[in-house]
Amino acid sequence: MSGPRLGTGAAPGKLVLFGEHAVVYGRPAVAAGLGCGLGATVEANQGGATLSIPRWGKSGLVVRLAEDRGIEAVARAFRIALQVVGLDAESPVHVTLAGRLPLGVGLGSSAAFAVSVLRGLADYQGVELSIGELMDGAQAVEQVFHGNPSGMDHTVVTHGGCLRFQRDQSPIFRPVECAEPVPVVIASTPRQGTTREAVDGVRARYEAQPGPFERLFDTIAEITEAGIEALAVGDFGALGRLFDLNHGCLNACGVSSVKNERMVNLARDAGALGAKLTGAGCGGAVVAITPDGGQAVERALLEAGFAAFQTVVGA
Ligand code: PMV
């Protein structure tokens, strides 16, 4: 006898390894899928479509579309995901989203939300989504959260692995060879402001001093290309040094905060081969290279009151 109908879908988070902010000015960036992410479970539900995210905030989030309840952006994103697989607010489905990916700190949680919910709903409905349909659906869902996203997040989250991204090149995305998955510790703290605000801040500083910023972005591009070579041969020592260099440049761009610096320094002091902020900055996440297991680095960050966990990137 078959049990109750169930659909499941999963997607990893993502991390910018090199090149954030400089990528806005036409330089290359490298992003990689994380070894952890989000998972959606879809089951039958009486009385309209609902979504619950038990780990959201202090007491969890429940969205009931039929009653128009829940955080507005999440509700809109959920509606779009339902439409992609031919469902709507009245459909009798309940989606639970779980996973240990921190939300809202630049680790691709909105893209992982989109892709895992779409995969779960498609599985539940018995619908085959092509990669193109999944990417288009994820782009539409992500637009609710990020306005006009670059596409880097949902592309990496859909494909996994490691990708080089450069806006004005064709193709925009190219696979980056990783000799082996890179062991890392990721720590995070709430962000001060949005990605848009961080990007606007860099723009204002750039416009005041375009010459030095152009040279800074060229330096970041050089670090990014060297990082691609280090990934290809699995040279974690070089990767660590390049992380430190890239972080210094991001600090010069004005997107590191006191807490970012503290996390980076704690990780380095506890034995990381290198550490940098990742994504937009101004709080958010930092990533440290930890080929020796990462326990000491994770412990130092947790003891200082930051969220921290060990994972791998580029698998
Ligand atoms: O939103 P985040 O933190 O995943 O990172 C954005 C990366 C930026 O380079 C700062 C912005 C962009 O559009 O590429």
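**Exercise 1. Sort the residues that line the largest pocket of this predicted model into nonpolar, polar and charged.**

Solution. Start with the chemistry: the lining holds 20 nonpolar, 17 polar and nine charged residues. Next, consider the space they enclose, which comes to about 1,400 Å³. Of the 46 lining residues, those closest to the pocket centre are His-146, Asp-153, Arg-191, Thr-195 and Arg-196.

**Exercise 2. Find the helices and strands that each supply at least two residues of this lining, and say which gives the largest share.**

Solution. Take the strands to begin with: strand 1 (6-18) and strand 8 (182-189) each meet the mark of at least two residues. Then add the helices, namely helix 2 (109-125), helix 3 (131-146), helix 4 (152-159) and helix 5 (195-208). Helix 5 gives the largest share, with five residues.

**Exercise 3. Decide whether Ser-257 is buried or exposed, and describe its surroundings.**

Solution. Let's place the residue before judging it: Ser-257 sits in the loop between helix 7 (236-253) and helix 8 (258-269). Its relative accessible area is 11%, and buried means under 20%, so Ser-257 is buried.

Now look for its partners. Setting aside neighbours within four places in sequence, Ser-257 is in contact with Gln-192, Cys-282 and Gly-283. Cys-282 lies 25 residues away along the chain, yet the C-alpha atoms of Ser-257 and Cys-282 are 5.3 Å apart.

Finally, check the side chain: that of Ser-257 makes a polar contact with the side chain of Asn-260, at 3.0 Å.

Conventions
Residues are numbered from 1 along each chain as its sequence is written. This is a predicted model: local features need pLDDT of at least 70, side-chain atom pairs count only at pLDDT 80 or more; totals for chains, interfaces and linings use all residues. Side-chain values use heavy atoms; hydrogens and water are left out. On a 1 Å grid over the protein atoms alone, a cavity is a set of points where a 1.4 Å probe fits but cannot get out, and a pocket is an open set with protein on both sides within 12 Å along at least five of seven lines; lining residues have an atom within 4 Å of a point. Grid points are joined across faces, edges and corners, and a volume is the space filled by probe spheres set on the points. Helices (H or I, at least four residues) and strands (E, at least two) are DSSP runs, numbered from the N terminus. Ala, Val, Leu, Ile, Met, Phe, Trp, Tyr, Cys and Pro count as nonpolar, Asp, Glu, Lys and Arg as charged, and the others, Gly among them, as polar. Buried means under 20% relative accessible area, exposed over 50%, partly exposed in between (1.4 Å probe, protein chains only). Contact means heavy atoms within 4.5 Å. A polar contact is a pair of N or O atoms within 3.5 Å; within protein, one must be able to donate a hydrogen and the other to accept it, and residues adjacent in sequence count only if both atoms are side-chain atoms.
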